[in-house]
Amino acid sequence: LVAVRLPAAGGPAAEPEVAYELDRSMAPYVPTPVCTGERLYLWGDRGVVTCVDAKTGELRWRGRVGGTFSASPIAVRGGVLNVSADGEIVTIADGDAFEILGRVPLGETCRSTPAVAGGRMVFRGESKLYALDEARQ
């Protein structure tokens, strides 16, 4: 995984420069990383989450949530969540220490990334579409 620094907008034409490279063992195969400002989360396919400093790539922590993931994590309400292939929604704290905030079974297989829009979080299961209303959480 490589992070690049883009040239300043409106400045002279220049090539992007490599800001840092992460060891391949940190990079997920399918899920896309998510950034919450200072922290970059790499949620691995086999349930290992790695948090690095978004600017430097320095390891902040690594923790195991278990499960198998093909969906990508999303950042919402001070947390980072993802849904496992078995349909378990796992939420971790968006912070400098690994902390699992909760686990909720969806009730069926899920391999898609949750979507957030209009005050709702939507999960596409194997046979159903689930929507959680923000007002009810």
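Colleague: Which strands each supply at least two residues of the lining of the second largest pocket?

Modeller: Happy to help, and please keep in mind that this is a predicted model. The second largest pocket holds about 200 Å³ of space, and 14 residues line it. Two strands each give at least two residues to that lining: strand S4 (39–43) and strand S5 (48–53).

Colleague: Which residues lie nearest the centre of the second largest pocket?

Modeller: Let's start with the lining as a whole, which divides into seven nonpolar, four polar and three charged residues. Of the 14 lining residues, the ones nearest the centre are Ser25, Ala27, Gly44, Asp45 and Arg46.

Colleague: Ser25 has a polar contact with Asp23, so to speak of that pair: how long is the contact between their side chains?

Modeller: Asp23 sits in the loop between strand S2 (17–21) and strand S3 (34–35). From there, its side chain makes a polar contact with the side chain of Ser25, at 2.4 Å.

Colleague: Is Asp23 buried, exposed or partly exposed?

Modeller: A residue is buried under 20% relative accessible area and exposed over 50%, with partly exposed in between. Asp23 has a relative accessibility of 47%, so Asp23 counts as partly exposed.

Colleague: How far apart in space are Asp23 and Gly79, C-alpha to C-alpha?

Modeller: Along the sequence, Asp23 and Gly79 are 56 residues apart. In space, their C-alpha to C-alpha distance is 25 Å.

Colleague: What about Asp53: is Asp53 buried or exposed?

Modeller: Asp53 belongs to strand S5, one of the strands that help line the second largest pocket. The cut-off for buried is under 20%. Because the relative accessibility of Asp53 is 17%, Asp53 counts as buried.

Colleague: Which residues have a backbone nitrogen at 2.9 Å from the side chain of Asp53?

Modeller: One backbone nitrogen that the side chain of Asp53 reaches, at 2.9 Å, is that of Lys55. A polar atom of the Asp53 side chain also lies 2.9 Å from the backbone nitrogen of Thr56. The names you want are therefore Lys55 and Thr56.

Colleague: Let's turn to the open sheet of four strands: which are its edge strands?

Modeller: The order of the strands is S7-S8-S9-S10, with antiparallel pairing. An edge strand here pairs on one side only, and the two that do so are strand S7 (74–76) and strand S10 (100–105).

Colleague: What is the average twist from one strand to the next in that sheet?

Modeller: The sheet is an open one made of four strands. From one strand to the next, the twist averages 25 degrees.

Colleague: Which residue in S10 is the bridge partner of Val90?

Modeller: Strand S9 (residues 88–93) and S10 run antiparallel and are joined by five bridges. In S10, the partner of Val90 is Arg103.

Definitions and conventions: Residues are numbered from 1 along each chain as its sequence is written. This is a predicted model: local features need pLDDT of at least 70, side-chain atom pairs count only at pLDDT 80 or more; totals for chains, interfaces and linings use all residues. Side-chain values use heavy atoms; hydrogens and water are left out. On a 1 Å grid over the protein atoms alone, a cavity is a set of points where a 1.4 Å probe fits but cannot get out, and a pocket is an open set with protein on both sides within 12 Å along at least five of seven lines; lining residues have an atom within 4 Å of a point. Grid points are joined across faces, edges and corners, and a volume is the space filled by probe spheres set on the points. Ala, Val, Leu, Ile, Met, Phe, Trp, Tyr, Cys and Pro count as nonpolar, Asp, Glu, Lys and Arg as charged, and the others, Gly among them, as polar. Two strands pair if DSSP finds at least two bridges between them. Axes are lines fitted to C-alpha atoms, for helices over the stretch in contact, and angles run from 0 to 180 degrees between N-to-C directions. Buried means under 20% relative accessible area, exposed over 50%, partly exposed in between (1.4 Å probe, protein chains only). A polar contact is a pair of N or O atoms within 3.5 Å; within protein, one must be able to donate a hydrogen and the other to accept it, and residues adjacent in sequence count only if both atoms are side-chain atoms.
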